[in-house]
Structures are given as C-alpha cells and as structure tokens.
Amino acid sequence: MQKDPRCLTHMFAAEIFMHRFLLSSPVRTLNPKEGADHFFVVPHDFGACFHYQEEKAIERGILPLLQHATLVQTFGQRNHVCLKDGSITVPSYAPPQKMQTHLIPEKTPRSIFVYFRGLFYDVGNDPEGGYYARGARAAVWENFKDNPLFDISTEHPTTYYEDMQQAVFCLCPLSWAPWSPRLVEALIFGYIPVIIVDDIVLPFADAIPWEEIGVFVDEKDVPNLDTILTSIPPEVILRKQRLLANPSMKQAMLFPQLAQAGDAFHQVLNGLARKLSHDRNVYLKSGEKILNWTAGLVGDLKP
C-alpha cells in the first residue's frame with residue numbers, strides 16, 4: 001500500500017479495508033485465547049489459489065497454511081478446488097466516495113437497453129481465444145456487436161459510471177474467475193445485472209435477493225441473449241429496479257470508512273458469527289428476518 005496508492009482503490013482492496021476496520025472494531029481482541037480461530041482475506045481472481053489464470057490456480061491449489069482457516073474471498077465458484085467449504089464470499093472493492101461522485105439524477109431515462117464495457121478476448125493470456133471466460137464473452141461479441149439493442153465495446157469511457165445508470169441491463173459475464181466488479185456496480189447504480197456464469201457463488205445471499213434482482217443466463221444460451229432479455233415483461237423489469245433502489249442492498253456491497261450498520265464489514269461478521277456455536281436463545285425468533293452479527297446460523301433464515 002505504501003509503494004502503490006492503487007492498492008487503496010483496486011478491486012482487491014477489501015483486504016486493506018478489512019484490516020483497517022478490525023483495528024478500530026469492538027470485535028477485535030488482543031487476547032489470543034479469545035480469538036484462536038484464524039481467517040484470511042484473499043481477494044483475488046481465485047482466492048487462496050492466488051493466480052488469475054485458472055489452469056495455474058488449479059495447479060497451485062490452496063496453500064497448506066490456509067487449508068484449515070476460514071477464507072474471506074471474492075472468488076466464489078461451486079465445486080472448484082480454489083473455493084473451500086466454509087469460505088465467506090465477499091464483493092470486490094468499490095470506493096464508496098468515488099461511486100457517490102458519479103451518481104446522476106434518479107429520474108434520468110434509461111435509454112440504453114444492454115450495456116457492457118470490457119474484454120471479449122484476452123489475447124495476451126489466451127492467444128487461441130477459447131479458454132478466456134469459457135468463450136462466453138467471445139459469444140457476446142460475435143452475436144451482438146452489430147445489434148442496436150446492445151451497447152458493447154472494449155473501450156472504457158470517462159463516462160462509464162454515468163452510462164451504466166442509463167442502462168436497463170448490464171452484462172456481468174465471467175472472465176478468468178466467475179465474479180465481476182459489475183455486480184457491485186449493479187447494486188450501486190441500479191441497473192439489472194445479467195449474470196452469465198453457470199456456477200457462481202454470490203456474496204451475502206441472505207442480505208441480497210440475487211434471484212429477484214438479476215437475470216441469470218446459462219453460458220450456452222448467450223446466443224439467445226436478445227430473445228431472453230426482450231421477452232422479460234415490463235412489470236418484472238420495474239419490480240427488479242424497485243428492489244435495486246433499496247439502500248440496504250447498496251450498503252451491503254460497500255466497505256465504507258467508518259463502518260456502518262449493514263455494510264460489507266457487517267455482513268462478513270455475520271458470516272464469521274455463524275461459524276460459532278450458539279445457544280438456542282440467540283437464534284432467529286418467530287417473525288424475525290434479520291440476523292445481527294452475533295446471532296444465529298444461516299439455516300435459520302430458511303422458512
């Protein structure tokens with residue numbers, strides 16, 4: 001962090017802000033007997049495997065040091081060697097103040113139907129073009145580069161955040177890993193995320209109703225994206241947009257300084273607390289829907 005200021009704004013900066021948060025948090029203990037279990041924050045494309053190319057990440061595997069610890073990681077992919085059972089999946093870092101400065105008036109018309117800015121091919125790391133994003137991004141480009149409903153490009157304009165807020169849908173395809181910073185941006189800027197990845201584990205599922213706010217498209221169905229999205233009834237789109245406008249969901253995706261109730265720090269503490277054994281009297285009571293960070297198991301959220 002001292003050598004490179006980018007560490008404070010990069011999408012992997014959750015590690016730094018988790019550390020800062022804990023230094024001033026009431027949950028911190030200086031007595032190792034009160035905190036003997038370890039957790040590591042590993043915000044990288046493949047978490048504790050720590051490599052941005054999947055083949056090399058699989059080859060390396062999770063370091064033995066981390067095998068018995070709780071991992072707090074951005075990487076979430078079911079049945080993958082780099083995702084350990086019991087990991088806590090978190091969103092990538094987005095600077096809260098920067099996001100705030102790019103907000104445009106809420107009543108601005110959403111005149112863009114589908115928006116995406118990013119790579120479709122990673123030529124430098126996947127010269128043959130068949131492995132990056134398992135071909136899903138390439139399929140988006142080949143099928144929709146000339147479709148007027150799709151505003152897609154590799155260029156990253158200075159108005160990127162403002163443009164997002166004028167889109168109804170934004171594509172969130174996998175890249176080397178299944179997750180994307182666009183998932184955070186979706187909740188902050190209120191567009192509907194089109195999640196194109198077959199096996200993703202999404203962050204904070206008890207705080208964010210992903211199935212209700214997003215559109216999930218199988219990787220094999222990318223060529224049918226235009227049909228899938230244009231067939232969604234307007235009332236369903238409006239319902240998703242209303243849910244996305246909920247401030248509590250935006251809060252859950254951010255790591256603000258100072259920490260605030262319901263933010264991403266709070267959600268991580270929820271996940272850690274669920275790993276502790278609790279007396280029955282701290283579980284959710286009848287009619288309660290929200291866990292605080294000291295109470296309950298994730299199964300208690302089920303009806």
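Which residue in E8 is the bridge partner of Ile195? It's Phe216, and the views below, all taken from a predicted model, start with the sheet that holds this pair.

**View 1. The five-strand sheet is open and parallel, in the order E5-E4-E6-E7-E8.** At its edges stand E5 and strand E8 (215-216), each with a single partner strand, so one side of each has no neighbour in the sheet. E7 and E8 run parallel and are joined over two bridges; Ile195 opposite Phe216 in E8 is the partnership asked about above. H6 packs on this sheet, where it touches E4, E6 and E7, and its direction makes about 160° with that of E6. Helix H9 (residues 234-244) lies across E6, E7 and E8 and runs at about 105° to E7.

**View 2. Helix H4 (residues 136-144) has a buried set of residues.** Ala136, Arg137, Ala138, Ala139, Val140 and Phe144 are the ones tucked away, so to speak: each is buried. What covers them? Strands are part of the answer, including E4 (112-117), E5 (150-153), E6 (167-173) and E7 (192-196). Helices H6 (182-189) and H8 (225-230) are also among the covering elements.

**View 3. Phe12 and Trp179 make an edge-to-face pair.** The structure holds 15 aromatic pairs, and here's one of them. With ring centres 6.0 Å apart and planes at 75°, Phe12 and Trp179 count as edge-to-face because planes over 60 degrees apart fall in that class. Phe12 sits in the segment before helix H1 (14-23), while Trp179 is in the loop between E6 and H6, so the pair ties together parts that are 167 residues apart in sequence. Both ends of this pair, Phe12 and Trp179, are buried.

**View 4. Phe21 and Phe265 form a stacked pair.** Their rings are 4.3 Å apart, centre to centre, with 15° between the planes. Phe21 belongs to helix H1 and Phe265 to helix H11 (residues 264-273), so this pair ties together parts that are 244 residues apart in sequence. Phe21 is buried, and so is Phe265. The two also belong to a cluster: ring pairs link Phe17, Phe21, Tyr93, Phe255 and Phe265.

**View 5. Helices H1 and H11 pack at an angle of about 80°.** Their axes are 11 Å apart, and the angle makes H1 roughly perpendicular to H11. On the H1 side, the contact has Phe17, Met18 and Phe21; on the H11 side, they meet Phe265, Val268 and Leu269. What kinds of residues make up this contact of H1 with H11? Six are nonpolar, with no polar and no charged residues. Look for Phe17, Phe21 and Phe265 here again, since they're also part of the ring cluster in the previous view.

**View 6. A sheet of three strands, also open, has the order E1-E2-E3.** The pairing is parallel. Strand E1 (39-41) and strand E3 (88-89) are the edge strands, and each pairs on one side only. Strand E2 (residues 70-73) pairs with E3 in the parallel sense over two bridges. For a spot to zoom in on, try Gln73, which stands opposite Thr89 in E3.

Note on methods: Residues numbered from 1 in each chain as written. Predicted model: local features only at pLDDT ≥ 70, side-chain atom pairs only at ≥ 80, totals over all residues. Heavy atoms only, no water. Buried < 20%, exposed > 50% of the residue type's maximum accessible area, 1.4 Å probe, protein only. Helix = DSSP H or I, 4+ residues; strand = E, 2+ residues; numbered from the N terminus. Contact = heavy atoms within 4.5 Å. Phe/Tyr/Trp six-rings, centres within 6.5 Å; stacked < 30°, edge-to-face > 60°. Pairing = 2+ DSSP bridges. Axes fitted to C-alpha atoms, helices over the stretch in contact; angles between N-to-C directions. Parallel < 35°, antiparallel > 145°, perpendicular 65-115°, else oblique. Nonpolar A, V, L, I, M, F, W, Y, C, P; charged D, E, K, R; others polar.
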